[in-house]
Amino acid sequence: MITAASAAVRQGNARACLLALRAANEPLTVAEVSEQTVLSRPTVDAVLTSLVETGPVRIVPAAPASSPGRPARRFAFHPGAATVAAVDIGDRSVRCLLTDAAGRMVATGRREYAGNGAAARLDAVAQVVQDAADEGGTDERLSPAVVGIAVPGILDADGRLAQSLAVKDLEGTDLASELSSRLGCPVAVENDIKLAAYAEYHLSARPADIAFVQIGHRISVALILGGRILQGRHRLAGELGTQHGMRWTSTSRRGRLHWSTGDDAAPLFARAADEDQAALAEIDAFCAEIAPRLATLLLTVDPEQVVIGGGLSRAGKLLLEPLRRHVHHLLTSPGKPVFRTARLTTDGALVGALGLAFEHGSVQVNGVPGVPPPWQRFPAPPDHPRPAVPLPEGTP
C-alpha cells in the first residue's frame with residue numbers, strides 16, 4: 001500500500017534525479033546520478049526507469065566501452081518532452097515566449113488585437129500562443145503543456161481580474177479558466193508587475209527581499225519577501241495606486257506621470273545626460289516628491305534591496321542616485337536598503353510569467369510535482385544592462 005509519506009519520498013527522489021540530469025552538461029550513468037543525489041543505485045535505477053516511461057528523461061546511446069563488459073546505460077534530461085509558454089497581455093498587443101522543458105527559447109510571438117472587447121483580447125492570447133507553437137514546431141505543432149499569463153491589473157482572491165486601467169474590458173473575467181478552455185492546457189495568471197519583481201528576485205546571483213518599483217508612464221510597486229510575492233489578504237499588497245486620491249506627484253493625473261517635456265520622459269533625461277541643470281533639477285524634484293511614500297513602504301516591510309524597473313530604469317544613475325539619496329535621507333535608522341536597477345527593463349513580466357508557468361505546471365512538464373523552474377536558463381540577460389552613465393559607487 002502506498003501511503004502519503006511513501007509517495008512524498010518517491011516524488012522527492014524523482015525530483016532529485018531529474019534536477020541532477022537537468023543541470024548536467026552531458027548524459028549521466030546510474031552511478032553518477034547516485035553519487036550526485038546520495039541515493040542508492042537501486043533507487044536511482046527505479047526512478048530513472050519510471051522517468052523514461054513518463055517522458056522527461058531519455059536513454060542515450062551507450063558510449064564506446066573502454067573495457068570488456070556491457071557499457072553502462074546513460075540518461076539525459078529530455079528538453080523536447082514538453083514546451084512551456086508565457087504571455088504578457090498589454091493594452092494594445094500581446095507577446096508570447098515559448099521554451100522547451102529546459103527553459104531554452106523555442107519561439108516568440110506578438111499579435112495586435114483584432115477588435116475591441118474581452119473576446120478579442122482572449123482570442124489574441126490564444127492565437128499568439130498558437131503562432132509561437134507553429135513557428136517552433138517541425139513535423140508537428142508544439143502545443144504548450146502549461147501557460148503563464150502576466151496581466152496589467154489587480155486579481156481578486158478568486159483569480160478574476162478585479163480592476164485594470166489598461167485592459168478594462170477584461171474586468172470580471174476568470175482569465176485562467178477562459179484561456180485554459182481555449183488553449184487546452186493549465187493556465188496560471190498573475191499581475192504583470194508582481195511577475196516582473198518575481199523574475200528579478202530569481203535572476204539575482206544572491207536573491208534578497210526586494211521592493212520592486214516600476215517607473216514608466218506610471219509608478220507601480222510589488223514586494224518579494226522570503227522568495228514569495230507578498231499578496232496580502234485581498235491581493236492588494238503594494239497596490240498604492242488603489243488608494244482614493246493617491247498621487248505620486250503633484251503633476252500626475254489619474255496615476256499617469258507628466259513631465260515638463262510632455263508625457264514622454266526621454267527628452268528630459270536626454271537633456272539631463274547632457275548636464276542640463278533645469279532637467280537635472282526636475283528629476284531631483286521628482287525623486288524628492290516620491291521618496292516619502294517609498295520610505296513609508298520600506299519601513300513597513302524592511303526589504304534588503306529596492307529594485308527600480310520600467311522604462312526609466314534605463315536612465316541609471318540619473319534616476320537612481322537622487323532617488324536613493326532622498327529616500328535614505330528620510331530613513332534615520334542605520335539599516336538602509338541597497339538601490340539598484342532591474343536586470344530586465346521590458347521583458348520582466350514575460351520572464352516572470354514563464355517561471356510561474358513552470359511552477360504551476362511542474363507535473364505536466366516534468367511528470368513530478370515541485371520541480372523548481374530553470375530560471376538561469378531562461379532567455380534573459382545574465383545581469384542587468386549597463387546604463388549610459390555609470391551607477392553610483394557601491395551599487396550592485
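Q: What is the expected span of a helix, and how do you know that helix α10 agrees with this span?
A: The expected span is defined as 1.5 Å times one less than the number of residues in the helix, where helices (H or I, at least four residues) and strands (E, at least two) are DSSP runs, numbered from the N terminus. Helix α10, residues 348–360, has 13 residues and should therefore span 18 Å, and since its end C-alpha atoms are 18 Å apart, the two values agree.

This is a predicted model, in which local features need pLDDT of at least 70 and side-chain atom pairs count only at pLDDT 80 or more, while totals for chains, interfaces and linings use all residues. Residues are numbered from 1 along each chain as its sequence is written, and side-chain values use heavy atoms, with hydrogens and water left out.

Q: What makes α10 a mostly covered helix?
A: Buried means under 20% relative accessible area, exposed over 50% and partly exposed in between (1.4 Å probe, protein chains only), and eleven of the 13 residues of α10 are buried. Among them are Gly348, Leu350, Leu354 and Phe358. The buried residues of α10 pack against β4, β5 (93–100), β7, β10, α6 (192–203) and α11 (362–366), contact being defined as heavy atoms within 4.5 Å.

Q: Why is strand β7 called mostly covered, and which way do its residues point?
A: In β7, residues 146–151, six of six residues are buried. Val146, Gly148 and Ala150 point one way, whereas Val147, Ile149 and Val151 point the other way. In a regular strand the side chains alternate between the two faces of the sheet.

Q: How do you know that β7 pairs with β4 and with β10?
A: Two strands pair if DSSP finds at least two bridges between them. Strand β4, residues 83–89, pairs with β7 in the parallel sense over five bridges, with Val84 opposite Val146. The pairing of β7 with β10, residues 187–191, is also parallel and has five bridges, and here Gly148 stands opposite Ala188.

Q: What makes a set of residues a nonpolar core, and which residues have the most contacts inside the largest one?
A: Such a core is a set of buried Ala, Val, Leu, Ile, Met, Phe, Trp, Tyr and Cys residues joined through side-chain atoms within 4.5 Å. The largest has 54 residues, and Leu21, Leu48 and Val365 have the most contacts inside it. Leaving aside neighbours within four places in sequence, Leu21 is in contact with residues including Leu28, Leu48 and Phe75. A second, separate core of 36 residues includes Val213 and Phe339.
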